[in-house]
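Welcome! Let's go through some structural labels and ask what earns each of them.

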Amino acid sequence: MAALREHLSDFWRLWRGRLIALLDLAALACALAGSWLYYSPKIASGAQLVSSTAFSAVKLFLFSPGAGLADPVPLAYAIAMWLCPLCTAVAVFRLLESTLRHALGGLSRFFRPYILVCGQGSDCLTLVDSLRHGGGFFRRKVILVTQSPLPVELRLPLERGGVTVFAMPLENGTAAERTVCLRRLHLERADGAVLFHPEVSLNFSILKALEQHLEKYPRRCGALPCALYSGDGSMQPLISRYRQEHQGAGGSPLDLKCFSTAALAARDLFLRRGLGADSLAQLDGSAQPHKQTGSLKPSRLLIAGLGACGEAVLLQAAALSPTAPGALLDVTVLDQDAERKLHRIKAKYPQLHRFVTLQAVQMDVLSDELPRALHGGGFTYAAVCFRDPSLALRTAEALEGDFPIGVRLDGSDALARCLDESGGPFQRAFPFGERRSLLTQELVLGTRLDEAAMAFHAGYCAQEQRLFHPETPPIPWDALDSLKKDSTRAQAAYCQSYLIPLRDKLLSRGELEICRNALSDCKDNAGMLRTLLSAHPAIALLARLEHERWCGFLYAHGYQGRDGNTRNDLFHPCLVDWEALLRDDETCKTVCYDLIPILLMDP
């Protein structure tokens, strides 16, 4: 049904003007033919007949037919009596809509829900186009607020497509000007807001203006969902602190979330091909897979092009690691300025070395020396993140090895489909990061990205309550702070892409039941827990992988262990290696929580 609605919507967008013109021509033909047939028996003069026929046709379009309701009329005239007024009504409506677009837009904002988009640039216009077509056959109402007036060649197609365009001083206007502008928008009827200026500081200024307005004029229908574009992540600490202060108190009029096209592209990459697929393939066909815990292969990732997308791929890959116990994610960066960019990355994430090893290959990707420079790398995955599609494809063609290669084709949907169907040198390559598939309401403003995390959180809390805290009610998703939500998102993605498939290969159902039955007794008994782990190496392996993933997440967010000289609020006692964790009775008991994820999603 959804495909049929989309097909009808596309058909109406392409053929609407032609169908209306064809309807007008058909009405005119019926009016002329019917009037001729109606008046020809009554008027003998040829000139008078022509004049009467034309005048009668005009009267039909003006809701004033010449024939009476009881008079017998030809079929063409009867059709014209209904068709001509319909064409006139359509023409009058289109004229009024074109002339009074902003006035009607204000009226529709008062009665009809809409989505507010504040921003400029090609990506913002791509999002607006996706939003207005996302309602199926009936287009969704979208209001675009820009910092400066759009050029006519950009504004007119948007307005003809039903988008209301305003130029408002939301960023740098006075308080009175912002209040007047925001009152015109009728935020009570807004379904959501997207702040999508390329300059992130402007988005933050609009965010503050929206919050102050909604605190003064609160919505009766709850907090306004708001998505803020965070760019390359340089302002992410400020945004995170803002979310922590306002969302945690529960009094914010905005339900805030952040997004970036680079992070969405990185997530899309590993959803298409998992980072640990090569390690999982090593276990296929084994008669006793639970004995192969030492054969897991560490991931070796090659990133070609370390811009915003390459950095997002690096962070997303770190969140989906490790794929083997005790092994750090091995990343090789291929870029003309690799050493300087890696130095910037290390300064930005000072704890990165604790869970990722980085190597730089500084050379032109089109150089003849590239195969020799990468020879013996043992890569299991490659991500080509250049913005230029031709450069990305030539780089993918030059890479040698039997491993999957993700090629970023953010603005080339047709080229991406072609690459999906290609063979030869591109049979290992696949596209990712197409803008039109990423910039949608479901990914930018909706909860689609959080659906898996919310389901995982509900299952985890249910298992924890059943095993350890029967009297304590589970914490709802909305009550979690931003750090805990980010942690749950990372944990859900790792479990779905690697830990659960690995569990299904390593553990029999009997071992899974042993783990489930023993956990409630092991929570307060470190000795029993050590016995369980030593008797079942596969269970110990899964718990170790989850512990090391959790440590990597904490390090990435600035936390340190006992060996770090840091503030008390950034100290975490579990930031120790696996052997040290098991030696201490208190920290050993926390392994029970590392085992809860393997009890979810039973095989």
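The questions and answers below go from label to evidence, and the model they concern is a predicted one.

Q: What makes the rings of Tyr38 and Tyr39 an edge-to-face pair?
A: Their centres are 4.9 Å apart, and rings pair if their centres lie within 6.5 Å. Their planes stand at 85 degrees, while over 60 counts as edge-to-face. The pair therefore earns that name. Tyr38 and Tyr39 are also both buried, and ring pairs link them with Tyr77 into a cluster.

Q: Why is the pair of Trp550 and Phe553 called stacked?
A: Here the centres lie 6.1 Å apart, with the planes at 15 degrees. The cut-offs are 6.5 Å for pairing and under 30 degrees for stacking, so the pair is stacked. Both residues belong to helix H23 (residues 537–556), where they sit three residues apart, about one turn of the helix.

Q: How do you know whether Phe553 is buried or exposed?
A: Look at its relative accessible area, which is 10%. Buried means under 20%, so Phe553 counts as buried.

Q: What makes the buried residues of helix H7 line one face?
A: The buried residues of H7 (residues 175–185) are Arg178, Cys181, Leu182 and Leu185. Seen down the helix axis, they fall within an arc of 95 degrees, so they line one face. On the other side of H7, Ala176 and Val180 are exposed.

Q: Why are S9 and S12 said to stand at the edges of their sheet?
A: The open sheet has six strands in the order S9-S8-S7-S10-S11-S12, with parallel pairing. Strand S9 (356–362) and strand S12 (429–432) each have a single partner strand, so one side of each is left without a neighbour in the sheet. From one strand to the next, the twist averages 20 degrees.

Q: How do you know that S8 and S9 pair?
A: Count the bridges: seven join S8 (residues 329–335) to S9, and the two run parallel. Pairing takes at least two bridges, so S8 and S9 qualify. One of the bridge partnerships is that of Leu329 with Val356 in S9.

Q: What makes Val331 stand out in the largest nonpolar core?
A: That core has 62 residues, and Val331 is among the four that touch the most other members, together with Val117, Val313 and Val356. Leaving aside neighbours within four places in sequence, the contacts of Val331 include Leu301, Ile303, Leu314 and Val356. Another core, of 50 residues, lies apart from this one, with Cys495 and Tyr498 among its members.

Note on methods: Residues are numbered from 1 along each chain as its sequence is written. This is a predicted model: local features need pLDDT of at least 70, side-chain atom pairs count only at pLDDT 80 or more; totals for chains, interfaces and linings use all residues. Side-chain values use heavy atoms; hydrogens and water are left out. Helices (H or I, at least four residues) and strands (E, at least two) are DSSP runs, numbered from the N terminus. Axes are lines fitted to C-alpha atoms, for helices over the stretch in contact, and angles run from 0 to 180 degrees between N-to-C directions. A nonpolar core is a set of buried Ala, Val, Leu, Ile, Met, Phe, Trp, Tyr and Cys residues joined through side-chain atoms within 4.5 Å. Buried means under 20% relative accessible area, exposed over 50%, partly exposed in between (1.4 Å probe, protein chains only). Contact means heavy atoms within 4.5 Å. The arc is that of the directions from the helix axis to the C-beta atoms. Rings of Phe, Tyr and Trp (its six-membered ring) pair if their centres lie within 6.5 Å; planes under 30 degrees apart count as stacked, over 60 as edge-to-face and the rest as tilted.
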